[in-house]
There are 2 protein chains.
Amino acid sequence: MKYTDLSVSVNPMKKTADINDIPPARRLLNTASRLFYAEGIHAVGIDRIIAEAGVAKATFYKHFPSKDDLVVAHIEEQDRAGRAYVAALPAQPPREMIAAILGRIGNAASDADYRGCVFLNAAAEYPERASPVRQAIDARRAWYRDTLQKLCAASGDPSPEMTAGLLVALSDGLLEGGYLDDPAKIPSLIEAALAKLLPNT
Amino acid sequence: MKYTDLSVSVNPMKKTADINDIPPARRLLNTASRLFYAEGIHAVGIDRIIAEAGVAKATFYKHFPSKDDLVVAHIEEQDRAGRAYVAALPAQPPREMIAAILGRIGNAASDADYRGCVFLNAAAEYPERASPVRQAIDARRAWYRDTLQKLCAASGDPSPEMTAGLLVALSDGLLEGGYLDDPAKIPSLIEAALAKLLPNT
DNA sequence: CAATTGGCAGACAGACCTGTCTGTTCATGA
DNA sequence: TCATGAACAGACAGGTCTGTCTGCCAATTG
């Protein structure tokens, strides 16, 4: 699973105004992330990705040994974005921290192109628990659960593991509800859920 | 969307002991449901389904005009199973009714072949909101939400719509958690969630 | 008995899939 | 100036996809 390092995003302020100055591996990953999320992973072929990214096929297979490697890179990219969001939150009490983290769900669901949770959608297409894709998803979920559990513990919750489990389930459910039902209702549902699940302030 | 009527399941007590006595349309749907759920919809081709069902290709296309019709039949079949489960529940107070309905999640997740929510998994593969598949999923979700909301109202909940929304999100999230995380934790999470979300007994 | 019906078997078309390979162009650096 | 490496364009192989079609067989029905 070795491919071109993509952990550093392209800084648009660099004098790479020309789209073609963005390196091919980055262009491929950006295009793939967009298409995979919008249409599903199995539904999008390599030919489509390289065409929209403007990259030759041989170049693609040089940077990503297989399509699955690209999928894993896509999952890890989205995972990085989520962790960066949390890392960038201003310091605040645990309960407000949790509310801010959950609040991201409402923001995401309000997007016109919102199509549910990247990780749940991908997991639906990868039944093999041992597959690299599923392992990347597991790593994401473990981090998310752990982050919430630590915050619960810090807030004085007597059963942080249970509460974190409920918050994870709520997050998953609201992410899917924002896709399949009415996204506009998500924020008030989050508010109501936090009021009932977290120890009173 | 007209195909052979499948609303009546085959009664195994009928003297159709020979597997081949089960009508082809039913054999196809049973096989497709199993494969679609286990491996994903786009990942399973018609050739595979007809081979495992022991049905000729022409016969398949006689009963189901296209693969999507089969997918819709699969979704509707699972929807029927869920509604039948609720309809068969013994009469009991609203709160116990809700607990029994949510309890089905724990039962399902404990199955060794459990692979998450049929409807959420399918929705992940069908981005078009107007597609027949998504419409069948919408109908299912509307019924589920409505069922819970009526029970909440009957239990004297002052805001049944909000509570039902939370219960739907919880259901979705626990169904996914039972797939991706630890299924054994689902029952206690359900219990804890009901204690916190429903008005005290 | 004869005709109809329903299902089986499998070839076929045309598109798309992943992944490999050949050969060309172009920029950079020795 | 020339060599190297990266990316481009695109053919190709081998397989799978959906959906159509032809032909055969067996059971049922008039």
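**Chain A and the surface near DNA strand D**

Helix 3 of chain A makes the greatest contribution to the surface near DNA strand D, supplying five residues. The model is predicted. At least two residues of this surface come from each of four helices: helix 1 (24-39) and helix 3 (57-63) of chain A, and helix 2 (46-53) and helix 3 (57-63) of chain B. There are 19 residues around DNA strand D, and those that come nearest are Gly54(A), Ile46(B), Lys57(B), Tyr61(B) and Lys67(B). Sorted by class, the surface comprises eight nonpolar, six charged and five polar residues.

On the side of the nucleic acid, sugar or phosphate accounts for 60% of the atoms of DNA strand D within 4 Å of the protein, and bases account for the rest. Several individual contacts involve phosphate oxygens. In chain B, a backbone N or O atom of Ile46(B) is placed 2.6 Å from a phosphate oxygen of the strand; Ile46(B) is also among the residues that come nearest to DNA strand D. In chain A, a backbone N or O atom of Ala56(A) is found 3.0 Å from a phosphate oxygen of DNA strand D. For His63(A), a polar side-chain atom lies at 3.4 Å from a phosphate oxygen of DNA strand D.

Chain A as a whole contains nine helices and zero strands, giving the pattern α-α-α-α-α-α-α-α-α along the sequence. The chain has 201 residues, of which 49% are buried. Among contacts in chain A with a separation of 6 or more, 63% join residues 24 or more positions apart. The exposed area of chain A is about 9400 Å², and 57% of it is supplied by carbon and sulfur atoms.

Definitions and conventions:
Residues numbered from 1 in each chain as written. Chains lettered and ligands numbered in written order. Predicted model: local features only at pLDDT ≥ 70, side-chain atom pairs only at ≥ 80, totals over all residues. Heavy atoms only, no water. Buried < 20%, exposed > 50% of the residue type's maximum accessible area, 1.4 Å probe, protein only. Contact = heavy atoms within 4.5 Å. Areas by Shrake-Rupley, 256 points an atom, 1.4 Å probe, with all protein chains shown as cover. Near = heavy atom within 4 Å. Polar contact = N/O pair within 3.5 Å; in protein donor to acceptor, adjacent residues only side chain to side chain. Nonpolar A, V, L, I, M, F, W, Y, C, P; charged D, E, K, R; others polar.
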